[in-house]
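User: Please take a close look at the interior of this chain and describe how its parts are packed together. A connected account suited to a first-year student would be appreciated.

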Amino acid sequence: MFDRIRSLIDRLHEVQEVNSLSDRDLDDLGMSREQVLGFLKMPRDISERVTAMGRIFGVPEVELKRDHAQWVDLLTVCGHCADRAACAHVLAKGTAAQPSDAPFCGNRDSFGTIIVNAV
């Protein structure tokens, strides 16, 4: 019970911090206030999930993060995914996982575009 209350208080502090950011701070982040607040609502492991799924699709982390706007889009799509259980199952396979194991992935087409653009 106390952990839940502590998490709620921590979340409220994070929201207050985001609301205190200036427009310049947000410009430096390359995100809108709504995007940052949206990220606060997402599970904490989004970055790791996108990076791991990118590896399955053959996209190195450096390529995933090369274009900031695209990275934000990848995180957003992953953060709103309704197939977290299926994703966890595929990611648990580690290096044995293949793109064909993840037909549900909302970032599937984006990963393919990143591969094409990186070549």
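Analyst: His-68 has a relative accessible area of 37% and is therefore partly exposed; the term covers values between buried, which means under 20%, and exposed, which means over 50% (1.4 Å probe, protein chains only). The model is a predicted one, in which local features need pLDDT of at least 70 and side-chain atom pairs count only at pLDDT 80 or more, while totals for chains, interfaces and linings use all residues. Residues are numbered from 1 along each chain as its sequence is written, and side-chain values use heavy atoms, with hydrogens and water left out.

His-68 belongs to helix H6. Setting aside neighbours within four places in sequence, His-68 is in contact with Leu-29, Gly-30 and Met-31, where contact means heavy atoms within 4.5 Å. The C-alpha atoms of His-68 and Ile-115 are separated by 16 Å, with these positions 47 residues apart along the chain.

The wider setting comes next. The chain has 8 helices and 0 strands; both are DSSP runs numbered from the N terminus, helices being H or I of at least four residues and strands E of at least two. Of the 119 residues in the chain, 28% are buried. Among contacts between residues at least 6 apart in sequence, 66% join residues at least 24 apart. The C-alpha atoms fill a box of roughly 40 × 40 × 20 Å along the principal axes.

The interior may be followed through its nonpolar cores. A nonpolar core is a set of buried Ala, Val, Leu, Ile, Met, Phe, Trp, Tyr and Cys residues joined through side-chain atoms within 4.5 Å. The largest such core holds 19 residues, of which Val-50, Met-53, Leu-64, Leu-74 and Phe-111 touch the most other members. Two or more residues of this core come from each of H4, helix H6 (68-79), helix H7 (84-92) and helix H8 (108-118). A separate, second core has 6 residues, including Met-31, Val-36, Leu-40 and Val-72. In soluble globular proteins, nonpolar side chains tend to be buried together.

Phe-111 illustrates the packing of the largest core. Beyond four places in sequence, Phe-111 touches Val-50, Met-53, Gly-54, Phe-57, Val-59, Leu-64, Leu-74 and Cys-105. Several of these partners lie in H4, a mostly covered helix with 8 of its 11 residues buried. The buried residues of H4 are Ile-46, Arg-49, Val-50, Thr-51, Ala-52, Met-53, Gly-54 and Ile-56. H4 is followed by Gly-58, which has a positive phi near 85°.

Helix H5 (residues 61-66) contains Glu-63. Glu-63 is counted as buried because its relative accessible area is 18%. Its C-alpha atom lies 8.2 Å from that of Ile-115, although the two are 52 residues apart along the chain. By contrast, Ala-96, in the loop between H7 and H8, counts as exposed because its relative accessibility is 53%. The C-alpha atoms of Ala-96 and Ile-56 are nevertheless 8.6 Å apart, with the residues 40 apart in sequence.

The cysteines deserve separate attention. The whole structure contains 0 disulfides, a disulfide being a pair of cysteine sulfur atoms within 2.5 Å. For Cys-87, the nearest cysteine sulfur is that of Cys-78, 5.7 Å away. Cys-105 has its closest cysteine sulfur in Cys-87, at 6.6 Å, which is too far for a bond. Cys-87 is buried, with a relative accessible area of 8%, and Cys-105 is buried as well, at 13%.

Finally, some space is left open. On a 1 Å grid over the protein atoms alone, a pocket is an open set of points with protein on both sides within 12 Å along at least five of seven lines, unlike a cavity, where a 1.4 Å probe fits but cannot get out; lining residues have an atom within 4 Å of a point. The largest pocket has a volume of about 150 Å³, the volume being the space filled by probe spheres set on points joined across faces, edges and corners. Its lining consists of Arg-11, Phe-39, Leu-40, Met-42, Pro-43, Arg-44, Ile-46, Ser-47 and Leu-75. Helix H3 (33-41) and helix H4 (46-56) each supply at least two of these residues. The lining comprises 6 nonpolar, 1 polar and 2 charged residues; Ala, Val, Leu, Ile, Met, Phe, Trp, Tyr, Cys and Pro count as nonpolar, Asp, Glu, Lys and Arg as charged, and the others, Gly among them, as polar.
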